[in-house]
Amino acid sequence: MFDSRLRPLLAPALDRAAARLDVSWITPNRLTGLNLVLGLASAGLAAGQLWFPALAAWLLCRLADGLDGPLARRRAQQTGTRTDAGQGGFWDISADFVVYGATVIGAAIGATAGFGAPWLPFLFVLFAYYINGSVFLAFSSLAEKSGRQIEDGRSLSFLGGLAEGAETVLVHSLWLLFPAAAWQIASVWAFLVLVSATQRIVAGYRLLR
């Protein structure tokens with residue numbers, strides 16, 4: 001919901017950070033790998049009920065995810081090549097899917113072990129993520145074939161919705177900050193993500209007519 005507003009605001013800071021990281025041994029794909037490692041670390045720390053280290057790893061993971069794109073675009077401008085031939089975007093979305101699923105499971109394990117939280121809300125979150133991921137990947141593929149891509153600087157065509165990247169960062173942070181209430185947060189979040197999935201199904205269907 002807020003991504004389209006936040007992206008232009010954050011872009012200058014991310015571009016400056018990418019410029020500082022523009023050294024030979026740092027590559028966009030390595031930043032994506034760092035995102036994956038930190039995300040899995042956050043999931044493991046949450047499962048072990050180490051909530052604040054899990055939060056720190058989660059936020060650093062999201063920072064790495066936010067920097068790989070600007071660095072890739074900077075390198076492309078320097079070399080005069082396309083922003084991404086496909087490999088970087090594929091690696092990025094693959095890492096994100098692993099991280100999102102793992103961090104939900106990590107929080108569920110930790111909240112269940114530490115506070116007797118029920119599993120069902122977290123399962124609904126994973127179900128909602130599954131629908132959203134399937135819808136936007138299907139739309140991106142079909143939009144590419146029909147020449148109806150959504151050009152916003154990203155490798156894939158993203159359909160907007162109520163629950164997007166910024167909201168995901170916030171909610172995952174909230175259940176690490178307040179693990180005793182994690183299952184209640186997950187319940188609300190699952191509902192919002194399912195609403196977002198419905199929005200994307202309707203929007204994608206209309207755009208591909």
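The crossing of helix H6 with helix H7 is left-handed, a term used when the near helix is turned anticlockwise from the far one by less than a right angle. The model is predicted, and local features need pLDDT of at least 70, side-chain atom pairs count only at pLDDT 80 or more, and totals for chains, interfaces and linings use all residues. Residues are numbered from 1 along each chain as its sequence is written, and side-chain values use heavy atoms, with hydrogens and water left out.

H6 covers residues 165-177 and H7 residues 182-207, and their axes come within 9 Å and cross at roughly 160°. Helices here are DSSP runs (H or I, at least four residues), numbered from the N terminus, while axes are lines fitted to C-alpha atoms, for helices over the stretch in contact, with angles running from 0 to 180 degrees between N-to-C directions. H6 and H7 are therefore roughly antiparallel to each other, the word applied to angles over 145 degrees. On the H6 side the contact (heavy atoms within 4.5 Å) is made by Glu167, Thr168, Val171, His172, Leu174 and Trp175, and on the H7 side by Ala182, Ile185, Ala186 and Trp189. These residues divide into seven nonpolar, two polar and one charged, where Ala, Val, Leu, Ile, Met, Phe, Trp, Tyr, Cys and Pro count as nonpolar, Asp, Glu, Lys and Arg as charged, and the others, Gly among them, as polar.

Three residues in other helices are set out below; buried means under 20% relative accessible area, computed with a 1.4 Å probe on protein chains only.

| Residue | Helix | Relative accessible area |
|---|---|---|
| Ala18 | H1 (residues 3-20) | 2%, buried |
| Thr32 | H2 (residues 28-47) | 2%, buried |
| Ala102 | H4 (residues 87-115) | 18%, buried |

Leaving aside residues up to four places away in sequence, Ala18 touches Leu67, Pro70, Leu71 and Arg74. With Leu71, Ala18 forms a pair that is 53 residues apart in sequence and 5.0 Å apart in space, C-alpha to C-alpha.

Thr32, with its neighbours within four places in sequence left out, is in contact with Asp68, Trp91, Asp92 and Ala95. The side chain of Thr32 also makes a polar contact with the side chain of Asp68 at 2.7 Å, a polar contact being a pair of N or O atoms within 3.5 Å, of which, within protein, one must be able to donate a hydrogen and the other to accept it, and residues adjacent in sequence count only if both atoms are side-chain atoms.

Ala102 is in contact with Leu40 and Ala43, again leaving aside its neighbours within four places in sequence. The C-alpha atoms of Ala102 and Leu126, which lie 24 residues apart along the chain, are separated by 9.8 Å.

Technical notes. Angles under 35 degrees count as roughly parallel, over 145 as roughly antiparallel, 65 to 115 as roughly perpendicular and the rest as oblique. Buried means under 20% relative accessible area, exposed over 50%, partly exposed in between (1.4 Å probe, protein chains only).
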